[in-house]
Amino acid sequence: MSLTAVPPVACFGEPRLTAGFDEFGRLDLTAHEMVHGAVNPLSPKGLLRLVEGIELKGKGGAGFPFGRKIRAVLESADRQDLPTVVVVNATEGEPGAWKDKALLTRAPHLILDGAAIAAYALDAEEIVIGVADDGIGEASLTAALAERRMPVRTGIVTVPHRFISGEGGALVRGINGEAHIPPGRKQRASDAGVGGLPTLLSNAETYAQLALAARLGPYEYGTVGTADEPGTVLLTVTGAAGRPAVVECPTGIPLRDVLELCETPTGPGVLTGGYHGKWITAEGAATAEVSRAGFTKVGGALGAGIIMPLSADVCPLGEAAQVVTYLAGESAGQCGPCRLGLPDLARSLDLIVGGSAAPEVVRAAAGAVRGRGACSHPDGTARFATSALEVFTEDLEAHANRGGCGRKVKGVLGLPSAADAPTSKLVVDWSRCDGHGLCAHVVPEFVRLDANGFPSFPSTPVPTWLEAGARKAVRMCPALALRMMPVN
């Protein structure tokens, strides 16, 4: 099977998750057992002692303690007298994320080992592995399942390759046969997840780390990394990197070593943690250590392990504005902060880039969505946008006072190709527009009325999920002034 879609894999020190990659490429069951050895099942108490002994946290973005998830599922199952389900989130819907896909395509048995260990300890009745429908990793995973016997029924569910599809609640809904979007209200999978049963849900790397720790034990596992965050982590380094790669490294090593390995240029900043992460300055990148605490110290975030440096010849605010526009279009569009707030945030950042708005406009738009969504998408998008304002202060001044920074927007942050992007934009024939304002009522998520009552909206493409509303606004315009045009 082809591995060409996944970036090359590199390692600092002795490989763990990536052990055997150089020798075997992809580890089938025989190679997997040769490299990693056998693994024994664990009791519930044994599983908790292990994950709490190594302070294992989820590797999908939020970094929630895995032991607390296990305890919550055990307590919920006991309280409700119900069996449990184990879910592996290997969807990795963010365009710049590749670390879980590297495991899926090359080390699928590590993921399956971790899921099997958890299922045995929790007396689960089923394991479900969620993968994206992009065709990367599913064939490898299917082949791995055919080579081995799992402790319980194990299935694969494909979900749309969208940013929001990997959110925990969205994945559970998709497995349950519902729309692949987050639920309209916050609900813990440990109480009612797949099939209404208590569900343990974490991402692919978390289960792979569990499989390693079960073999090594807490002491040996902690011989690399920091005392507070032992072990290794997987990082996806892309952006302006000369040699994009998935890198395994011990926690605590300097970020600059990872950036040098991937031949990253010196630019105005580095995005840490992905599209729901935070920007750090070039100075911060030069001093940061790879760990949650290390990134937090310089204003960044480990998040989903995505590192995206910028080069000196790109407009950082323009690059950030592209991402916020993408994130606004990727929302589920089912609650106010997403339907109204995120398009407004994207519009505000576009105005900043155009030099026609102050930073306070973006901060106000971000504040309007923060903490109010049914999932973490509005919070993460707001964090990304406001972080850009904090890091790219010189560029803010240039756009506000000198008509721009003089650099181009090159799309280096891993956004989907044009084939997957929105294809239409709204335009107004001002010789016809009478300021009826009907368009702002039909599609308020995208169109606002200015101080004179005339429509105002960003020049960016209409997000895919708003196209139907925009076309309706065009049809209902009394003056026939509104049109949908293809994006050039």
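Helices (H or I, at least four residues) and strands (E, at least two) are DSSP runs, numbered from the N terminus. This is a predicted model, in which local features need pLDDT of at least 70, side-chain atom pairs count only at pLDDT 80 or more, and totals for chains, interfaces and linings use all residues. Residues are numbered from 1 along each chain as its sequence is written, and side-chain values use heavy atoms, with hydrogens and water left out.

**View 1. Helices H13 and H14 pack against each other.** H13 covers residues 316-330 and H14 residues 336-353; their axes lie 9 Å apart at an angle of about 165 degrees. (Axes are lines fitted to C-alpha atoms, for helices over the stretch in contact, and angles run from 0 to 180 degrees between N-to-C directions.) That angle makes H13 roughly antiparallel to H14, a label for angles over 145 degrees.

**View 2. Residues from both helices build the contact.** Contact here means heavy atoms within 4.5 Å. Look for Leu317, Ala321 and Val324, among others, on H13, and for residues including Leu342, Leu345 and Asp350 on H14.

**View 3. Cysteine 262 stands without a disulfide partner.** A disulfide is a pair of cysteine sulfur atoms within 2.5 Å, and a search of the whole structure finds zero of them. The closest cysteine sulfur, in cysteine 249, is 9.7 Å from that of cysteine 262, so it is too far for a bond. Cysteine 262 is buried (under 20% relative accessible area, 1.4 Å probe, protein chains only), at 1%.

**View 4. Cysteine 315 is in no disulfide either.** Its nearest cysteine sulfur, that of cysteine 405, is 3.6 Å away. Cysteine 315 is buried, with a relative accessible area of 2%.

Key:
Buried means under 20% relative accessible area, exposed over 50%, partly exposed in between (1.4 Å probe, protein chains only). Angles under 35 degrees count as roughly parallel, over 145 as roughly antiparallel, 65 to 115 as roughly perpendicular and the rest as oblique.
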